[in-house]
Amino acid sequence: MPPKKKDEKEEQSPLYLGRFGTSLKIGIVGVPNVGKSTFFNVLCKQSIPAENFPFCTIDPNESRVAVPDARFDWLCDHFKPPSKIPAYLSVVDIAGLVRGASEGEGLGNAFLSHIGGCDAIFSMMRVFDDLMLPT
């Protein structure tokens, strides 16, 4: 007996990208002394050390921030749900990447493992000249 013919209208499952959840994890990366920890402090309303020397941040700092959304507030005011659960953004301050990290300089593979745990990467760049900072 020959195999049954498949219907031409096969249902395709939708394409899903990324992980599901109500919070995303974003990592702040860049070269040392570019302002990553200062940006993290402003964004998360924290007070982690943000000193002017390389590797002030060795272990990544992490904070959870509610994402303000006027549309969410309008929906809550309009429909009055029993509970309000806003979206959250987990922000990670990752130590700076230095030249030669592939040969073990700086944090090397630990830097890559911290990035691997994030859903998105925010690259912080220096756009000012300062003779006190290394290039």
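Which residues make a nonpolar surface patch of about 360 Å²? In this predicted model, the patch is formed by Trp 74, Leu 75 and Phe 79. Trp 74 belongs to helix α2, which spans residues 70-79. Of the ten residues of α2, one is buried, so the helix lies largely in the open. Just after α2, Lys 80 adopts a positive phi of about 50 degrees.

The setting of this helix is a chain with three helices and four strands. Along the sequence these elements follow the pattern β-α-β-α-β-α-β. Of the 135 residues in the chain, 24% are buried. The accessible surface of the chain comes to about 10,900 Å², and carbon and sulfur atoms contribute 58% of that area. Among contacts with a separation of 6 or more, 65% are between residues 24 or more positions apart.

Helix α1, residues 36-44, offers another view of burial. Its buried residues are Lys 36, Ser 37, Phe 40, Asn 41 and Cys 44. They lie on the same side of α1 because they cover an arc of only 140 degrees around the axis. The spacing of such positions can be understood from helix geometry: an α-helix has 3.6 residues a turn, so residues three or four places apart point the same way. The buried residues of α1 pack against three strands, namely β1 (23-29), β2 (61-66) and β3 (88-93). Just after α1, Lys 45 takes a positive phi of about 55 degrees.

Helix α1 also takes part in an aromatic pair. A search of the whole structure finds one such pair. The partners are Phe 39 and Phe 122, and the pair is stacked because the ring planes meet at 10 degrees, under the 30 degrees that the term requires; the ring centres are 5.0 Å apart. The pair links distant parts of the chain, since Phe 39 lies in helix α1 and Phe 122 in strand β4 (residues 120-123), 83 residues apart.

How accessible are the two partners, Phe 39 and Phe 122? Phe 39 has a relative accessibility of 28% and therefore counts as partly exposed. Phe 122 is likewise partly exposed, with a relative accessible area of 34%. Both values fall between the limits of 20% for buried and 50% for exposed residues.

Terms used. Residues numbered from 1 in each chain as written. Predicted model: local features only at pLDDT ≥ 70, side-chain atom pairs only at ≥ 80, totals over all residues. Heavy atoms only, no water. Patch = residues over 30% accessible without salt bridge, like charges linked within 9 Å, V, L, I, M, F, W, Y side chains within 5 Å. Areas by Shrake-Rupley, 256 points an atom, 1.4 Å probe, with all protein chains shown as cover. Salt bridge = Lys/Arg side-chain N within 4 Å of Asp/Glu carboxyl O. Helix = DSSP H or I, 4+ residues; strand = E, 2+ residues; numbered from the N terminus. Buried < 20%, exposed > 50% of the residue type's maximum accessible area, 1.4 Å probe, protein only. Arc of directions from axis to C-beta. Contact = heavy atoms within 4.5 Å. Phe/Tyr/Trp six-rings, centres within 6.5 Å; stacked < 30°, edge-to-face > 60°.
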